[in-house]
Amino acid sequence: MSLPTALFKSFSHIRKDLKEDIDAVFTRDPAARNSLEVILTYPGIHALILHRSAHYLWKHDHKLSARVISYGSRIMTGIEIHPAAKIGRRFFIDHGVGVVIGETAEIGNDVTLYHGVTLGGVSWNNGKRHPTLEDGVIVGAGAKVLGPFTVGKNAKIGSNAVVVKAVPAGATMVGSAARMISEHHDEKGNPLSSSADKVVPQEKAISLLDSQSESSTKRPTARETAFQAYGIDPYSQDPVAEAFAKMLEHIQQSENRLDQLQAAMCKIDPDFCTKEYDKLCLEDIDVIGRSDLNNSDLNHLESNADHTNTELK
C-alpha cells in the first residue's frame with residue numbers, strides 16, 4: 001500500500017473518532033467552551049490525532065514515517081507517544097506537557113492523563129515493558145507508572161505517585177512509592193476481610209481525619225470526597241505531620257504512665273522523687289503544629305496528665 005493511501009485511510013478513521021474525543025473533553029474539562037476551540041487549542045487532541053495516524057502507519061510497516069509524525073507531534077504539543085502504543089477510545093490528555101507514553105503501553109477506553117504523566121518501562125529487554133491501563137483509569141499530574149503490569153478498571157493514581165506494581169480495579173494509589181487507599185484492599189492489594197473487628201491502617205487514618213473537624217457542620221468524609229486529579233483536597237493532611245502527631249500522642253500516654261509509676265516508687269524510696277526526666281512537648285517537634293494534632297484527643301490527654309499530677313501532689 002502506498003504512503004498517501006495509507007495516510008488517507010488513517011485520517012478517515014480519525015474523523016470517525018474525533019467527535020467522541022471532543023465529547024470526552026467537554027465531559028472532563030469544564031474550561032472547554034466549544035468544539036472549534038477544542039480542535040484548535042487543545043494539545044491533547046492534536047497529539048491523539050497525530051498518534052492515530054502514526055499508529056496506522058506503524059502497523060502497516062511504514063515505521064520511519066510513523067516515527068517522523070510522532071516526533072513532529074512531540075515538538076508541537078510537548079506530548080511524546082510512541083507510534084506502537086495502543087490507545088482506546090475517548091482518551092483525554094489534559095494540558096499534556098511532559099506526557100510520555102512508551103512503545104508497549106496499552107490504554108483502554110475513557111482513560112484520562114494529566115500533564116507530566118509517564119507510562120514508562122524499567123527494563124531494557126525486548127517485549128512488554130510498559131503498563132496497561134484498563135478502561136476508566138485516571139492518572140494525576142506528574143505520576144509515574146513504570147513496568148509491564150496492569151492498572152485495573154476505574155483505578156485512580158494521585159499526583160506525583162510512583163507506581164511500580166499492579167493496581168486492582170477501583171483502587172486509589174498515592175505517594176512515592178505509591179500506597180493504596182481502598183475500602184476493599186489493603187496496601188498490598190489483598191482483599192480485606194469482611195470481619196467488622198479487623199480495621200486496616202488506612203481505615204483508621206480515614207476515621208482519624210473524619211474526627212478532626214472542629215466545626216458543627218459535617219464535612220464530606222474521605223470516602224465521600226471525589227478523586228482529586230492533583231492528589232489533594234481541602235481537608236488533606238500532611239502525612240509526615242500526622243505520623244509525628246500519633247507518635248507524640250503515644251509518648252504523652254507513656255509519660256503519664258511513668259508519672260504514676262514514679263508516684264508509686266516515691267512511697268517506697270523518697271529519694272527517687274528527686275530524679276526527674278525530660279518530657280517531650282509539642283514545641284520540641286517544630287515539623288508539626290497544634291492544628292495537625294487531633295485537638296480533642298490532645299486536650300483529653302493533657303487534662304488527664306494535669307489530673308494525675310494534682311492527685312500526686
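This report describes the sheet and the salt bridges of a predicted model.

## The parallel sheet

Five strands form an open sheet in the order β1-β4-β7-β10-β13, and their pairing is parallel. At its edges lie β1 (80-81) and β13 (162-163), each of which pairs on one side only.

Within this sheet, β7 (residues 118-120) and β10 (residues 144-146) run parallel and are joined by 3 bridges. Gly-120 has Leu-146 in β10 as its bridge partner.

## Salt bridges between distant parts of the chain

The structure contains 11 salt bridges. One of them pairs Arg-90 with Glu-20, with 3.4 Å between the closest N and O atoms. This contact connects the loop between β2 (86-87) and β3 (92-93), where Arg-90 lies, to helix α1 (residues 3-28), which holds Glu-20; the two residues are 70 residues apart. Arg-90 is partly exposed, at a relative accessible area of 22%, and Glu-20 is likewise partly exposed, at 22%. Both residues belong to a salt-bridge network that links Glu-20, Arg-28, Arg-89, Arg-90 and Asp-110.

A salt bridge also joins the side chains of Arg-129 and Glu-103, at 3.1 Å from N to O. Arg-129 is in the loop between β7 and β8 (132-133), and Glu-103 is in the loop between β4 (100-101) and β5 (106-107), 26 residues apart. Arg-129 counts as buried because its relative accessibility is 18%, under the 20% cut-off. Glu-103, at 27%, is partly exposed.

## The Lys-63 and Asp-61 pair

Lys-63 and Asp-61 form a salt bridge through their side chains, at 3.3 Å from N to O. Lys-63 is partly exposed, with 36% relative accessibility, whereas Asp-61 is exposed, with 60%.

Key: Residues are numbered from 1 along each chain as its sequence is written. This is a predicted model: local features need pLDDT of at least 70, side-chain atom pairs count only at pLDDT 80 or more; totals for chains, interfaces and linings use all residues. Side-chain values use heavy atoms; hydrogens and water are left out. Two strands pair if DSSP finds at least two bridges between them. Helices (H or I, at least four residues) and strands (E, at least two) are DSSP runs, numbered from the N terminus. A salt bridge is a side-chain nitrogen of Lys or Arg within 4 Å of a carboxyl oxygen of Asp or Glu. Buried means under 20% relative accessible area, exposed over 50%, partly exposed in between (1.4 Å probe, protein chains only).
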